[in-house]
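This briefing introduces a structure to a reader who has not met it before. Please keep the sequence and the model in view while reading the points that follow.

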Amino acid sequence: MNLIEALELSKKPVPPDAKLFRVFLGCGFTPLHLQSFFHAHLRQLLPENRVEIKTGLFGDLAGSLERLDPKALDGLAVALEWPDLDSRLGIRELGGWQVSDVDEVVSSVDRQLSRLQRALTTAARAVAVVVALPTIPLPPLFYTPPNINSAEKTKLLLSLAKFAADLSEEPGIRILDSQSLNSVSPPAARFDIKSEILTGFPYKLPHASTLAQLMASLLQAQRPKKGLITDLDDTLWSGILGEVGVEGVSWSLEHHSHIHGLYQQFLSSLASAGVLVGVASKNDAALVQQAFDRKDLLLKKDKVFPFEVHWHRKSDSVQRILKSWNIGPEAVVFIDDSPMEAAEVKAAFPAMECLVFKKDDYQSVWDLLANLRASFGKTAISKEDAIRLESLRRAAPLLDALGQDGNASDEFLKRADAFVSFDFSKRPKDGRAFELVNKTNQFNLNGKRFSESEWAKFLADPASFLVTVTYQDKYGPLGKIAVVLGKVNEKKLHVAAWVMSCRAFSRRIEHHTLKRILDKFDADEAVFDFQATERNSPTQDFFLELAGAPPQPGLKILRTSFLEKAPPLFHRVEET
């Protein structure tokens with residue numbers, strides 16, 4: 001994006017009732033074009049929002065951050081540069097490059113980094129924080145030649161690395177990856193020394209645009225995809241299994257098929273992070289099972305579910321896999337070495353990303369892995385990620401027990417030995433509740449998403465409540481699978497958000513959740529901020545069952561009516 005495009009985009013009108021998205025752009029230099037690009041890229045990501053950007057004082061990044069009221073913001077983006085850590089690391093202040101100054105500069109940087117870390121950690125408790133580490137070069141103040149890393153410069157870089165490592169462990173703080181920035185903005189093409197001296201703005205325009213785009217994307221990160229369906233022959237391994245046999249397929253340097261080994265290793269990494277991995281292959285099922293018994297296979301059999309191995313259409317296999325996972329095609333990537341097979345699946349599922357594994361194009365496969373990491377990447381791994389695959393595999397008997405209405409029978413649920421735990425704490429130990437509200441689509445009261453600041457503000461209200469629901473039965477634990485967010489006004493509940501993981505469907509958890517909340521607050525009725533979406537038909541069906549009519553915004557459910565219509569509940573219950 002060039003500057004004219006950015007300015008034109010920023011001028012585009014927004015609806016009169018557009019929601020305000022307030023961001024603080026933290027930088028010690030003159031924000032100038034970085035602010036323009038940042039505003040434009042946020043407008044691209046949030047076309048229905050009115051974006052407002054505020055900045056701090058020139059030369060006082062730490063002070064600007066310390067004076068912030070993060071509760072008044074929806075996002076905080078910081079473009080840190082070396083002069084913010086000590087003015088002698090810039091070029092606008094003269095007289096500080098003597099050899100005797102260097103040790104004091106190193107000590108000064110440590111103090112300033114500690115100050116910044118405190119301010120950013122405090123802000124992250126109320127708002128999403130994005131930090132870009134210094135992107136322009138250090139000045140030639142060190143006494144060693146430029147191609148020698150002096151002890152003092154190494155100490156500076158080590159202090160900065162520790163600062164980044166400490167911040168990256170803080171919930172709500174995202175550090176812009178320097179390698180990703182380097183790949184799209186070459187370091188040698190960033191610094192504009194004339195602009196820095198004359199205006200206090202240090203960047204060339206292409207770098208300013210790129211930096212702004214990446215920071216904006218971190219503030220509005222896309223939801224990660226949930227599942228990957230892969231072909232086998234000439235994709236997961238080299239060779240046609242039915243032709244060369246179990247020992248004939250390969251994925252090693254020795255057999256010039258190492259690229260397939262990298263792909264296996266990558267899929268195993270995805271699975272370990274909670275991504276669902278399934279197989280759709282036109283093949284002999286018995287041979288495939290033997291191939292997965294090979295001890296040198298990097299993607300183990302227990303990391304894959306389900307296997308769809310037969311000679312029918314790939315789209316049929318994909319349909320069954322989606323049903324077993326109970327997720328939509330837009331959350332899944334399909335990979336096959338055959339462009340025809342990829343096109344056949346794409347035609348059946350237009351919302352699914354279908355990619356071709358080009359086994360003879362090593363760069364293409366490397367780029368594929370990088371793009372998949374972008375699609376499936378997460379900021380943190382939860383307990384629920386670790387148990388997702390096993391819970392689906394163990395829940396397979398439930399799918400077989402479902403009646404035509406999609407619900408399990410009383411007898412089956414009695415035998416399930418289910419246990420439900422309700423946590424009413426407004427300060428949960430992890431970010432699972434926030435994550436569920438912002439990624440769940442099917443059982444979702446209204447499809448609304450919360451920013452970190454909106455979430456924190458809602459829970460700061462004394463009248464608000466948050467319920468996190470954990471479930472397990474004899475088939476295994478599902479972890480935290482449901483969240484309800486609302487407010488209590490005397491004997492009336494106002495429910496603003498209610499989501500439940502698709503893995504928890506058909507177990508009457510939603511009925512027990514509503515009952516528990518009504519009991520907890522001794523409420524006579526509940527009013528729901530309901531909105532129909534393209535995806536929340538399970539929520540619509542639930543309310544249709546209780547209300548006897550299609551749900552509408554402002555739906556009310558009386559306690560007496562609910563108790564009359566609620567089905568038998570067999571869960572054992574605990575409150576924490």
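Leu228 has Val277, in strand E7, as its bridge partner. This pairing belongs to a predicted model, in which an open sheet of 5 strands is arranged in the order E8-E7-E6-E9-E10 with parallel pairing. The points below treat the sheet, its strand pairs, the helices packed on it and, separately, one buried acidic residue.

**The sheet as a whole**

- The edges of the sheet are formed by E8 and by strand E10 (353–356); each has a single partner strand, so one side of each is left without a neighbour in the sheet.
- From one strand to the next, the twist averages 15 degrees.

**Strand E7 and its partners**

- Strand E7 spans residues 276–282 and is mostly covered, with 6 of its 7 residues buried.
- Strand E6, made up of residues 227–230, pairs with E7 in the parallel sense over 4 bridges.
- E7 is also joined by 4 bridges to strand E8 (residues 307–310), and these two strands run parallel.
- Within that pairing, Ala280 has Glu308 of E8 as its bridge partner.
- Between E7 and E8 the chain passes through helix H11 (residues 285–292), and this β-α-β crossover is right-handed.

**Strands E9 and E10**

- Strand E9, which covers residues 332–336, is connected to E10 by 4 bridges, and the two run parallel.
- One residue pair in this arrangement is Ile335 with its bridge partner Leu355 in E10.

**Helices packed on the sheet**

- Helix H11 packs on the sheet and touches E7 and E8; the direction of H11 makes about 135 degrees with that of E8.
- Helix H14 (residues 362–376) likewise packs on the sheet, where it touches E6, E9 and E10.
- The direction of H14 makes about 165 degrees with that of E9.

**Asp101, a buried acidic residue**

- Asp101 is located in helix H4, which comprises residues 99–123.
- Although Asp101 is buried, it has no salt bridge.
- The nearest side chain of opposite charge belongs to Arg88 and is 4.4 Å away; a salt bridge would require a side-chain nitrogen of Lys or Arg within 4 Å of a carboxyl oxygen of Asp or Glu, which means that this pair does not qualify.
- When neighbours within four places in sequence are left aside, Asp101 is in contact with Arg88, Gly95 and Gly96.

Terms used. Residues numbered from 1 in each chain as written. Predicted model: local features only at pLDDT ≥ 70, side-chain atom pairs only at ≥ 80, totals over all residues. Heavy atoms only, no water. Buried < 20%, exposed > 50% of the residue type's maximum accessible area, 1.4 Å probe, protein only. Lys, Arg positive; Asp, Glu negative; His and termini not counted. Contact = heavy atoms within 4.5 Å. Pairing = 2+ DSSP bridges. Right-handed = clockwise from strand over helix to strand, strands pointing away. Axes fitted to C-alpha atoms, helices over the stretch in contact; angles between N-to-C directions.
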